[in-house]
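Trainee: Hi! Could you walk me through this model while I have it open?
Mentor: Happy to, let's put it up.
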Amino acid sequence: MSHYDLHCPYCETDIDDPDDCYAPETTYEHQCPACEKHFVFTVDYIRDYSAAKAECLNGAPHDYKETTTFPRQYTRLRCSMCDDHKPISDARRAELKAQDEAQCAALTKPNHPSEPTEG
Ligand SMILES: [Zn+2]
Ligand SMILES: [Zn+2]
């Protein structure tokens, strides 16, 4: 019995090695033949698997989180479970762009203000 076996994270059934899933650091979607639930797994160099539940592939909403991209206006939304991603809303992008500009203005401000400080 090999310890490289892939198991369904829902029902623990042994899954046959999916032949075309070799690339490391890639999230693959797979459907369990036993319980018919969808889940995701990744493969590392020794062809081990780490399977994680992906509720969003079984009818639940995606768990979108904002990426920490700079400049902030290029932030995207990525699902923490299945790695699906989508653009942020225009309103949010405008908000982040304003933050970028504020930060940029702060960085370019001279270190020594020309106005005398009190005291
Ligand atoms: Zn299963
Ligand atoms: Zn998802």
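Mentor: Here are the ground rules, and then your questions.
Mentor: This is a predicted model, where local features need pLDDT of at least 70, side-chain atom pairs count only at pLDDT 80 or more, and totals for chains, interfaces and linings use all residues. Residues are numbered from 1 along each chain as its sequence is written, while chains are lettered from A and ligands numbered from 1 in the order in which they are written.

Trainee: What is the mean pLDDT of the chain?
Mentor: The mean is 85, and 83% of the residues reach 70 or more. pLDDT is the predictor's confidence in each residue, from 0 to 100. Where pLDDT is low, the predicted coordinates should not be read in detail.

Trainee: And which elements have the lowest and highest mean pLDDT?
Mentor: Strand 5 has the lowest, at 86, and strand 6 (residues 64-66) the highest, at 96. Elements here are DSSP runs numbered from the N terminus: helices are H or I with at least four residues, strands are E with at least two.

Trainee: OK, sheets. What order do the strands take in the open sheet?
Mentor: The order is 3-4-5, with antiparallel pairing. Two strands pair if DSSP finds at least two bridges between them. Strand 3 (27-31) and strand 5 (49-53) are at the edges with a single partner strand each, so one side of each has no neighbour in the sheet. On average, neighbouring strands are turned by 35 degrees against each other, direction ignored; the axes are lines fitted to C-alpha atoms, for helices over the stretch in contact, and angles run from 0 to 180 degrees between N-to-C directions.

Trainee: How many bridges join strand 3 to strand 4?
Mentor: Five, with strand 4 covering residues 38-43. Gln 31 has His 38 as its bridge partner, and Glu 29 has Val 40.

Trainee: What about the loop in that hairpin?
Mentor: Six residues lie between the strands, and one to look at is Glu 36, with a positive phi near 60 degrees although it is not a glycine. Most residues other than glycine have a negative phi, and most peptide bonds are trans.

Trainee: Is Glu 36 buried or exposed?
Mentor: Glu 36 counts as exposed because it has 11 C-beta neighbours inside 10 Å. A residue is buried with 20 or more other C-beta atoms within 10 Å of its own, exposed with 12 or fewer, and partly exposed in between, with C-beta atoms placed from the backbone.

Trainee: Where else should I look for odd backbone geometry?
Mentor: Try Asp 83, whose phi is near 75 degrees, in the loop between strand 7 and strand 8. Asp 83 is partly exposed, with 15 other C-beta atoms within 10 Å. Then there is a cis peptide bond between Phe 70 and Pro 71, with omega about -5 degrees; Pro 71 sits in the loop between strand 6 and strand 7 (76-79).

Trainee: Switching topic, which residues make up the largest nonpolar core?
Mentor: Leu 6, Cys 8, Phe 39, Val 40, Phe 41 and Ala 54. Strand 4 gives the largest share, three residues. Such a core is a set of buried Ala, Val, Leu, Ile, Met, Phe, Trp, Tyr and Cys residues joined through C-beta atoms within 7 Å.

Trainee: Last one: how many residues of helix 1 are buried?
Mentor: Zero of its 19, so helix 1 lies largely in the open. Helix 1 covers residues 90-108 and reaches 27 Å from its first C-alpha to its last, close to the 27 Å expected, which is 1.5 Å times one less than its number of residues.
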